[in-house]
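Please work through the exercises below with the sequence and the coordinates at hand. Each task is followed by a solution in steps.

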Amino acid sequence: IDNLNKDIKGLMEIEEEMDRLEATLREYDNRIRSIKLARDTIEDISQDIHKQFAPVINKNVSKIIESITGGKYTKVRIDDTLDIAIENPITKEIIDIDSLSGGTIDQIYFALRFSIAGSMKGENLPLILDDCFIQYDNGRLENILKILSKMSRKKQILLFTCHHRERELLDRLGL
């Protein structure tokens, strides 16, 4: 009987440990399901937001890029994974962003950030720019400064730079 009691006691401890581990496993399964549900919900909301704002942002980015590039590029496409491509207006060929010059890429990202900031509701916060036009040629820099001049009527713009080129262009344009 003593030997049987020892075996039964060991068996009971094993069963209790199994019950405890099964409870832990159920808890982890519940956490995994909760996380998957949260992830799926966030992805659905993200897709809804993208569907709602993507056409507006694409239009605004395209408009800004057309102004900056003097009409060289007129259509920018930002897909649901936020990959960016630009359309060659002559050939209608879609150009991957990695095929563009560093200056053009900077200009597209500037236009994207500005478009997103412009689409946000709420306070009219100032736009702070710090040496973001380094890779711009003089023509495109002049175009973006004209755009910023128009925008400065609605929003305060602070432009920081260690170069004299921006100041000279601003003075020449009377801005």
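The exercises that follow concern a predicted model.

**Exercise 1. Compare the expected and the modelled span of helices H3 and H2.**

Solution.
- Step 1. Helix H3 covers residues 138-151 and has 14 residues. The expected span is 1.5 Å times one less than the number of residues, so H3 should span 20 Å.
- Step 2. The end C-alpha atoms of H3 are 20 Å apart, which agrees with the expectation.
- Step 3. Helix H2, residues 102-119, has 18 residues and should span 26 Å. Its end C-alpha atoms are separated by 26 Å, and here too the values agree.

**Exercise 2. State which residues of H2 and H3 are buried, and describe the start of H3.**

Solution.
- Step 1. A residue counts as buried under 20% relative accessible area.
- Step 2. In H2, the buried residues include Ile 105, Ile 108, Phe 110, Leu 112 and Phe 114, and also Thr 104, Gln 107 and Ser 115.
- Step 3. In H3, the buried residues include Leu 141, Ile 144, Leu 145, Ile 147 and Leu 148, and also Arg 140 and Glu 142.
- Step 4. At the start of H3, a side-chain oxygen of Asp 137 comes to within 3.2 Å of the backbone nitrogen of Gly 139.

**Exercise 3. Describe the surroundings of Arg 140 in helix H3.**

Solution.
- Step 1. Arg 140 has 11% relative accessibility and therefore counts as buried.
- Step 2. With neighbours within four places in sequence left aside, Arg 140 is in contact with Ile 68, Thr 69, Lys 72, Tyr 73, Thr 104 and Gln 107.
- Step 3. With one of these residues, Gln 107, the side chain of Arg 140 makes a polar contact of 2.8 Å.
- Step 4. Arg 140 and Ser 67 are 73 residues apart along the chain, yet their C-alpha atoms are separated by 8.5 Å.

**Exercise 4. How many salt bridges does the structure hold, and how are the partners of some of them placed?**

Solution.
- Step 1. The structure holds eight salt bridges.
- Step 2. Glu 27 and Arg 31 form one of them, with an N to O distance of 3.2 Å. The two residues are four residues apart in helix H1, so about one helical turn separates them. Glu 27 is partly exposed at 40% relative accessible area, and Arg 31 is partly exposed at 47%.
- Step 3. A salt bridge also joins Asp 40 to Arg 39, with the closest N and O atoms 3.2 Å apart. Asp 40 is partly exposed at 34% relative accessibility, as is Arg 39 at 44%.
- Step 4. The side chains of Glu 142 and Arg 172 meet in a salt bridge of 2.6 Å, N to O. Glu 142 lies in helix H3 and Arg 172 in helix H4 (residues 165-173), so this pair ties together parts that are 30 residues apart in sequence. Glu 142 is buried, with a relative accessible area of 18%, whereas Arg 172 is exposed at 56%.
- Step 5. Arg 77, Glu 87 and Lys 92 are joined into one network by salt bridges that share partners.

**Exercise 5. Is Lys 92 buried or exposed, and what is the sign of phi at Lys 92 and Asp 131?**

Solution.
- Step 1. Lys 92 is placed in the loop between strand E2 (84-87) and strand E3 (94-96). Its relative accessible area is 52%, so Lys 92 is exposed.
- Step 2. Most residues other than glycine have a negative phi.
- Step 3. Phi of Lys 92 is near 65°, a positive value.
- Step 4. Phi of Asp 131 is near 45°, also a positive value. Asp 131 lies in the loop between strand E4 (127-130) and H3.

**Exercise 6. Determine whether Lys 155 is buried or exposed, and name its contacts.**

Solution.
- Step 1. Lys 155 is in the loop between H3 and strand E5 (157-160).
- Step 2. Its relative accessibility is 18%, so Lys 155 counts as buried.
- Step 3. Beyond its neighbours within four places in sequence, Lys 155 is in contact with Asn 124, Leu 125, Pro 126 and Leu 127.

**Exercise 7. Which residues make the nonpolar surface patch of about 250 Å²?**

Solution.
- Step 1. The patch is made by Ile 45, Ile 49 and Phe 53.
- Step 2. Phe 53 is located in helix H1 (residues 2-68).
- Step 3. The relative accessible area of Phe 53 is 31%, so this residue is partly exposed. A patch residue needs over 30%.

Key
Residues are numbered from 1 along each chain as its sequence is written. This is a predicted model: local features need pLDDT of at least 70, side-chain atom pairs count only at pLDDT 80 or more; totals for chains, interfaces and linings use all residues. Side-chain values use heavy atoms; hydrogens and water are left out. Patches are made of residues with over 30% relative accessible area and no salt bridge: like charges are joined within 9 Å, nonpolar side chains (Val, Leu, Ile, Met, Phe, Trp, Tyr) within 5 Å. Accessible areas come from the Shrake-Rupley method with a 1.4 Å probe; for residues, only the protein chains shown count as cover. A salt bridge is a side-chain nitrogen of Lys or Arg within 4 Å of a carboxyl oxygen of Asp or Glu. Buried means under 20% relative accessible area, exposed over 50%, partly exposed in between (1.4 Å probe, protein chains only). A polar contact is a pair of N or O atoms within 3.5 Å; within protein, one must be able to donate a hydrogen and the other to accept it, and residues adjacent in sequence count only if both atoms are side-chain atoms. Contact means heavy atoms within 4.5 Å.
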